[in-house]
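Visitor: I am new to this structure. Please give me one close look at a single part, and set it against the whole.

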Amino acid sequence: MIKINKITRKQFVDEDLVCAYPLRIFILEKGFGLIRIDGQELDFLAGRVYFIPKDASLQIRGFISAAYLISIDQLLYQTFTFQSHFNPQIHLFNSASNIFDLAWGSLEKISPTMKKLEIELENGGDFEHLNQLFSLLLIDSNPYPYYSLANEQLSFKEAIMQKLEYLIEDNFKRHRTSDFYAKEMGLSSKDLNLICKKMTGKLVVDLIMERLMFEAEYLLLNTQKPVKSIANTLGFFESWDFAIYFEKLRGKTPFAYRGK
């Protein structure tokens, strides 16, 4: 499903690189020269990632000090494509010229995920976990621009957070677990929470509850609806359950808050 070759030759290379699986990612940590993908020559620069399409030839002519060559089979890629419909990276293998430069420090960031992948492969890891790690590897390594509805350039993690905000706005009254939002975005709940924590300092469930409480405050102060009706509107089956959440997060019961 996945094979990782770490290249640490520290010597001049002039050869075709043959991989176990047809779709390949080449991450150059240190080195220089030329890379030829199906005859198309591209600069071979340190801190750059190259996506090699299926059946395309791959030739290296230059000096390699440290690099990773990752190959994945068609089944894993198709699964990743299906699960990650939000992720524009599903198209990166369609052209030989798809390359991007890793942001400063990104190589250090992807190392833990690479090690996890290697350990998982050695231990005969299951398909779902390998797929999640592959997705996380692309998230951590990619400064490739994403575009918001306002046509602003976004990093992948910024785009994930924007998508999460849209999903929460549409679903916070019905869905209050991170699993729902992670599935909608083609990520594991763990990975989504890691991104959310890094970008906001909070977990997904915290953002959902904040949105719920904001709506509750508005309804308490601007309508005459009974507390029980507000609780039902916000997806709570019992008004006492809503009251417990509200008091925990706002320091007052809904009745006391309405009377302030």
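Guide: A residue is called buried under 20% relative accessible area, exposed over 50%, and partly exposed in between, with a 1.4 Å probe and protein chains only. The model is predicted, so to speak of local features a pLDDT of at least 70 is needed, side-chain atom pairs count only at pLDDT 80 or more, and totals for chains, interfaces and linings use all residues. Residues are numbered from 1 along each chain as its sequence is written, and side-chain values use heavy atoms, with hydrogens and water left out.

First, the whole. The protein has ten helices and nine strands; these are DSSP runs numbered from the N terminus, H or I over at least four residues for a helix and E over at least two for a strand. Of the 260 residues in the protein, 46% are buried. Take the contacts (heavy atoms within 4.5 Å) between residues at least 6 apart in sequence: 64% of them join residues at least 24 apart.

The close look follows the chain from helix 6 to the loop after helix 7. Helix 6 covers residues 189-200, twelve in number. From its first C-alpha to its last, helix 6 reaches 16 Å, close to the expected 16 Å, where the expected span is 1.5 Å times one less than the number of residues. Among the residues of helix 6, S189, D191, L192, N193, I195 and C196 are buried. Just after this helix comes G201, with a positive phi of about 80 degrees.

Next is K202, whose partner in a salt bridge is E210. A salt bridge here is a side-chain nitrogen of Lys or Arg within 4 Å of a carboxyl oxygen of Asp or Glu. The closest N and O atoms of K202 and E210 are 2.3 Å apart. K202 is partly exposed at a relative accessible area of 30%, and E210 is partly exposed as well, at 37%.

Helix 7 spans 204-222. Within helix 7, R211 and E215 are four residues apart, which means that about one helical turn separates them. An α-helix has 3.6 residues a turn, so residues three or four places apart point the same way. The side chains of R211 and E215 meet in a salt bridge, with 3.1 Å from N to O, and both residues are buried. The pair does not stand alone: salt bridges with shared partners join E169, R211 and E215 into one network.

Beyond helix 7, T223 sits in the loop that leads to helix 8 (227-233). The side chain of T223 reaches the backbone oxygen of L219 at 2.5 Å. With its neighbours within four places in sequence left aside, T223 is in contact with Y218 and R258.

For comparison, here is another place in the chain. D38 lies in the loop between strand 3 (23-37) and strand 4 (40-45). The phi of D38 is near 50 degrees, a positive value in a residue other than glycine. D38 is exposed, at a relative accessible area of 51%. A salt bridge of 2.5 Å, N to O, joins the side chains of R36 and E41. R36 is partly exposed at 27%, and E41 is partly exposed at 45%. The structure holds six salt bridges, including R36 with E41 and K202 with E210.

Definitions and conventions
Polar contact = N/O pair within 3.5 Å; in protein donor to acceptor, adjacent residues only side chain to side chain.
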